[in-house]
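What follows is a walk through one protein model, for a reader who has not met it before. The route goes from paired strands to a sheet, then to a loop residue, and ends with the nonpolar core and its aromatic rings.

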Amino acid sequence: THGWELFLGWTDHIGRNFSYWINGNLSDNTNKLTKYEGTTVVNAGSNSTIVGMPVNSIYGYVDQGYFKDAQDVSSSAFQYAKTGPGDIKYKNLDGTAHVNPSGQAIINTGANTVADHGDLTYLGNTSPRYTFGINLGASYKGFDFSAILQGVGKEKMLIPQRTMVPFVQTYRTPWAEQQDYWTPTHTNAKFPRLYWYGSDAVATAMNSAISSHWIQNATYLSLKNLQVGYTLPRRITQKAKIEKVRIFFTGQDIWRTTGMWYKAFDAENPNNNAWNYPFFRSYAAGLNVTF
């Protein structure tokens, strides 16, 4: 593992009444597995034991869009018996290295080894890169302001297979976002054709296989905290024998932008994405009185 970290800060004032400060940090690290004594298996999904590759490397198929029609299905590499128009089309990377009994090239994971992993390819890494934070504030004649921002400049998120498309598990209710699915008149949809997957393992694997279609760009910028306050002048508070009175408003996690198109998941918590806990925002107002 190799990495670096940078921190810069500045504090200043303009005139007698206005002061401000800003601090920023940026860090990055990369890693590579140099030796592994066990048997290396290359699976679709996250892999941590491939020599020469980073820990948490994602391997999967390359998405080529959706099958247009039956002719497109029959003229392409074989995927599944139930593949049809509107299903995700995976790229045949190994040519005719693997064929079915009729001699047609097939999309598969090969022998799941480094030498033969079929049509699987490296799709990115789930480890965050270019982690940064900004802490800033200012004050002017009793008014004060502070904010904390943080983010990640490069990261991939692998979402759980059971949440990629609706009806993979019978107890899961479809989400509103999944209404944007493929139809013959809506071919540029985010989700493939609607299909009752249920307990059919083959059908489930059709569109929820690990592929570039589902890898999310988990870069984000988040306003973690914002606080605005006003302190009453002492000439007013001293008349009431009060040392200090400050009124304030604060917000936590009140804004965020991300590179993900699948908004049901939280880019800040990629390791907890399986259960889809909601992203909470909180606000508070208060009064501090010092006697």
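The model is a predicted one. Residue numbers count from 1 along the chain as its sequence is written.

A useful place to begin is strand β8, which covers residues 129-140 and pairs with strand β2, residues 18-30. The two strands run in the antiparallel sense, and 10 bridges hold the pairing. One position to look for is Y20, which faces A138 in β8. On β8 there is also a pairing with strand β9, residues 143-154; here the strands are antiparallel and joined by 11 bridges. Strands of a sheet pair through backbone hydrogen bonds, and the pairing may be parallel or antiparallel.

How many residues lie between β8 and β9 in their hairpin? There are 2, and K141, in the turn, has a positive phi of about 45 degrees.

Residue N135 shows what these pairings look like from a single position. N135 belongs to strand β8, and the residue opposite N135 in β9 is I148. Leaving out residues up to four places away in sequence, N135 touches W21, I22, N23, A147 and I148. With I22, the C-alpha to C-alpha distance is 5.7 Å, although 113 residues separate N135 and I22 in sequence. Is N135 buried, exposed or partly exposed? Its relative accessibility is 29%, so N135 counts as partly exposed, a class that lies between the 20% limit for buried and the 50% limit for exposed.

Another group of strands forms an open sheet. It has 3 strands in the order β3-β4-β7, with antiparallel pairing. Strands β3 (45-47) and β7 are the edges; each has a single partner strand, so one side of each has no neighbour in the sheet. From one strand to the next, the twist averages 40 degrees. Between β3 and β4 the antiparallel pairing is made over 3 bridges, and G45 has Y59 in β4 as its bridge partner.

The next stop is a loop residue. H98 sits in the loop between β6 and β7 (121-125). H98 counts as buried because its relative accessibility is 16%, and buried means under 20%. The side chain of H98 makes a polar contact of 3.0 Å with the side chain of D116. D116 is also among the residues that H98 touches beyond four places in sequence, the others being Q104, A105, I106, N108, G110 and G118.

The nonpolar core comes next. In soluble globular proteins, nonpolar side chains tend to be buried together. In this model the largest nonpolar core has 32 residues, and I159 and W214 have the most contacts inside it. Strands β4 (57-60) and β6 (88-90) each supply at least two residues of this core. A second core, separate from it, has 5 residues, including A147, L149, L223 and L226.

W214 repays a longer look. W214 is buried, as its relative accessible area is 0%. Setting aside neighbours within four places in sequence, the contacts of W214 include I88, M157, I159, M164 and V165. Also among them are F191, P192, W261 and Y262.

Some of these residues return in the aromatic pairs, of which the model has 14. In one of them, W175 and Y262 meet edge-to-face, with 6.1 Å from centre to centre and 70 degrees between the planes. W175 is in the loop between β10 (156-158) and α2 (201-208), and Y262 is in the loop between β13 (244-258) and β14 (282-290), so this pair ties together parts that are 87 residues apart in sequence. W175 is partly exposed, with a relative accessible area of 24%, whereas Y262 counts as buried at 0% relative accessibility.

The rings of F191 and W214 have centres 5.8 Å apart and planes at 45 degrees, so this pair is tilted. F191 lies in the loop between β10 and α2, and W214 in the loop between α2 and β11 (215-217), so the pair ties together parts 23 residues apart in sequence. F191 is buried, with a relative accessible area of 1%.

Both pairs belong to one aromatic cluster, formed by W175, F191, W214, W261, Y262 and F265.

Terms used
Predicted model: local features only at pLDDT ≥ 70, side-chain atom pairs only at ≥ 80, totals over all residues. Heavy atoms only, no water. Core = buried A, V, L, I, M, F, W, Y, C linked by side-chain atoms within 4.5 Å. Buried < 20%, exposed > 50% of the residue type's maximum accessible area, 1.4 Å probe, protein only. Helix = DSSP H or I, 4+ residues; strand = E, 2+ residues; numbered from the N terminus. Contact = heavy atoms within 4.5 Å. Pairing = 2+ DSSP bridges. Polar contact = N/O pair within 3.5 Å; in protein donor to acceptor, adjacent residues only side chain to side chain. Axes fitted to C-alpha atoms, helices over the stretch in contact; angles between N-to-C directions. Phe/Tyr/Trp six-rings, centres within 6.5 Å; stacked < 30°, edge-to-face > 60°.
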